[in-house]
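Student: I should like to learn how to read the enclosed spaces and the strand pairing in a model. Could we take these features one at a time?

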Amino acid sequence: GRNDTAPCGRFADQPYPGPVYDNLTALYNPGQFFSNSFSLSQTTDNTTFRIGLRRLDQAGALTNNDGFWRNTGRVSIDHRIGTKLSIAFTGDHSRSYEDVVSGNPYTSILTYPVYVNLAAKGPDGDYLQVPDSTVELENPLWRQGSRDNYNARSRTQGSLNARWSLLPWVSFDGQFSYDRADTKQQEYVPKGVPIFDDTDLV
C-alpha cells in the first residue's frame with residue numbers, strides 16, 4: 001500500500017546544484033503612477049470660462065511594457081451679449097494609449113526552472129528568445145519587447161447653446177452637439193522577428 005510517511009521528494013533539503021535566478025523580479029518591474037492636472041478659470045460681468053488639462057500615467061508592472069497613459073482637455077465658456085443674447089460652449093477631447101501585453105507572461109513565468117536566466121541578454125542587448133534550449137518555452141521578457149501591440153483611443157465632444165430672449169415672454173433656443181470616438185488596435189510582429197518553434201530545440 002501507499003506509505004504516507006515517506007518523503008515526497010518535493011522539498012529541497014540540499015543546496016540547488018548550480019546558480020539559480022530570480023525570474024519573478026526580472027519579469028515584474030513596478031512602474032510609477034502619475035496624475036497631473038491644471039485648470040484656469042475666470043468670471044467677468046459678461047463672461048465665465050474654464051480650461052482644464054489632465055495627464056494620467058500608469059507605467060504598469062511588466063518589464064518591456066509601456067503601460068497606459070491618457071491626456072484630457074476641457075474648455076467651457078458662457079458669454080452674454082447685451083441683455084437678449086447668451087451663448088454657451090463646452091468641449092472636451094481625450095486621447096489614450098495602452099501597451100497591450102503579448103501572450104500570458106504572468107502564467108508562463110511560473111513554468112520556468114530556476115536555473116534558467118530569463119534576464120540574460122545577447123550581443124545585441126536584447127533578451128534571448130530561448131535562454132535555455134533544453135526548456136521548450138519562449139522567454140516572456142523577449143516576447144514583450146519584440147511585439148508592437150497596442151490600443152489607441154480618442155474622443156471629442158462639444159456642444160454649443162444659444163438663447164435669444166426677444167421679449168420677456170418669448171425666447172428662442174438653439175443647440176448643436178458633436179461626439180466622435182476613434183479606436184485603433186494593432187497586433188504587429190516586425191519583419192525579421194523569429195517565430196517561436198519548439199521543433200528546433202534540443
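Student: How many cavities of 30 Å³ or more are counted here?

Tutor: On a 1 Å grid over the protein atoms alone, a cavity is a set of points where a 1.4 Å probe fits but cannot get out, with lining residues having an atom within 4 Å of a point; points join across faces, edges and corners, and volume is the space filled by probe spheres set on them. Here the count comes to 1 cavity, and the largest cavity holds about 30 Å³, lined by N65, D99, V100, S102, Q144, R147 and N149. The model is predicted, with local features needing pLDDT of at least 70 and side-chain atom pairs 80 or more, while totals for chains, interfaces and linings use all residues. Residues are numbered from 1 along each chain as its sequence is written, and side-chain values use heavy atoms, without hydrogens and water.

Student: Which residues lie nearest the centre of the largest pocket?

Tutor: A pocket is an open set with protein on both sides within 12 Å along at least five of seven lines. Among the 15 residues lining the largest pocket, D124, D126, Y127, W142 and S146 lie nearest its centre, and the space amounts to about 230 Å³.

Student: In what order do the strands lie in the sheet?

Tutor: Strands are DSSP runs (E, at least two residues), numbered from the N terminus, and two pair if DSSP finds at least two bridges between them. In this open sheet 6 strands follow the order β1-β2-β3-β4-β5-β6, with antiparallel pairing. Because β1 (33-43) and β6 (170-186) each have a single partner strand, they stand at the edges, and one side of each lacks a neighbour in the sheet. Antiparallel β1 and β2 (residues 47-58) are joined by 11 bridges, and F34 has D57 in β2 as its bridge partner.

How values were computed
Helices (H or I, at least four residues) and strands (E, at least two) are DSSP runs, numbered from the N terminus.
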